[in-house]
Amino acid sequence: MPVLDIDAIKAILPHRYPFLLVDRILEMDDERVVGIKNVTVNEPFFVGHYPHYPVMPGVLIVEAMAQTAGVLVLSQIPDRDSKVVLLASVEEAKFRRPVRPGDQLRIEMKYIKKKATVAKMQGIVTVDGTPVAEAIMMCTLADK
């Protein structure tokens, strides 16, 4: 059973179709979160991004990582309805192999540093246990 299903994620994140890129949260504690993104051939970006060899754009993998991190950050603040998590920086992003239709992204994000309104996190994305992407990200909490 997921820790958070899609309805619980939508109650935390402001994102909606076609930019909600986290389907489930499998694990979450005070320091880390594990999310899932199922990649299907019906994703709208596959129409124009290498249509004869569909590949998920790297920037959307980074966005899925940021949204997974956002679930962790927002779940830890009491007044999350008045806040939004904004991506502040991406460092050391690496893409190891293409993500294709049928892949299931396992997104693990963990805190490196955490302050009142800023969080630095390290993330890795795997498909079937094989790393496909990684990055260090910083996000900030802002008033809506």
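**Figure 1. Overall view of the predicted model.** Read along the sequence, the elements of the protein come in the order α-β-β-α-β-β-β-β. That pattern holds 2 helices and 6 strands. The model shown is predicted. The C-alpha trace spans about 45 × 30 × 30 Å along the principal axes of the protein. The radius of gyration is 15 Å, in agreement with the value near 15 Å for a compact globule, because the protein has 144 residues. Among contacts between residues at least 6 apart in sequence, 62% join residues at least 24 apart.

**Figure 2. Surface and charges of the protein.** The accessible surface of the protein comes to about 7700 Å². Carbon and sulfur atoms account for 55% of that surface. Of the 144 residues, 40% count as buried. The protein carries 18 positive and 18 negative charges. The mean positions of these two sets of charges lie 3 Å apart.

**Figure 3. Pairing of strands E2, E4 and E5.** Strand E4 covers residues 104-114 and pairs with both E2 and E5. The pairing of E2 with E4 is antiparallel and has 7 bridges. Within this pair, Gly35 stands opposite Ile107 of E4. E4 and E5 (residues 118-127) also run antiparallel, joined by 8 bridges. Here Lys110 has Gln122 of E5 as its bridge partner. E4 and E5 form a hairpin, with 3 residues between the two strands.

**Figure 4. Surroundings of Ile36 in strand E2.** Ile36 is placed in strand E2, which covers residues 32-38. Ile36 counts as buried because its relative accessibility is 3%, below the 20% limit for buried residues. Leaving aside neighbours within four places in sequence, the contacts of Ile36 include Val22, Asp23, Arg24 and Leu26. Gln104, Leu105 and Arg106 are also in contact with Ile36. These three residue numbers fall within the 104-114 range of E4, the strand that pairs with E2 in the antiparallel sense. Between Ile36 and Val22 there are 5.9 Å from C-alpha to C-alpha, at a sequence separation of 14 residues.

**Figure 5. Glu43 in the loop between E2 and H2.** Glu43 is found in the loop that runs from strand E2 (32-38) to helix H2 (58-75). Glu43 counts as buried, because its relative accessibility is 11% and the limit is set at under 20%. Apart from residues up to four places away in sequence, Glu43 touches Lys37 and Asn38. Both contact partners carry numbers within the range of E2, 32-38.

**Figure 6. Pro44 in the loop between E2 and H2.** Pro44 is also found in the loop between E2 and H2. Pro44 is partly exposed, because its relative accessible area is 35%, a value between the limits of 20% and 50%. Glu43, in the same loop, counts as buried. Leaving aside neighbours within four places in sequence, Pro44 is in contact with Tyr17 and Pro18. Phe19 is 25 residues from Pro44 in sequence. The C-alpha atoms of Pro44 and Phe19 are 9.9 Å apart in space.

Methods:
Residues numbered from 1 in each chain as written. Predicted model: local features only at pLDDT ≥ 70, side-chain atom pairs only at ≥ 80, totals over all residues. Heavy atoms only, no water. Helix = DSSP H or I, 4+ residues; strand = E, 2+ residues; numbered from the N terminus. Rg over C-alpha atoms; globule rule 2.2 N^0.38 Å. Buried < 20%, exposed > 50% of the residue type's maximum accessible area, 1.4 Å probe, protein only. Contact = heavy atoms within 4.5 Å. Areas by Shrake-Rupley, 256 points an atom, 1.4 Å probe, with all protein chains shown as cover. Lys, Arg positive; Asp, Glu negative; His and termini not counted. Charge placed at Lys NZ, Arg CZ, Asp CG, Glu CD. Pairing = 2+ DSSP bridges.
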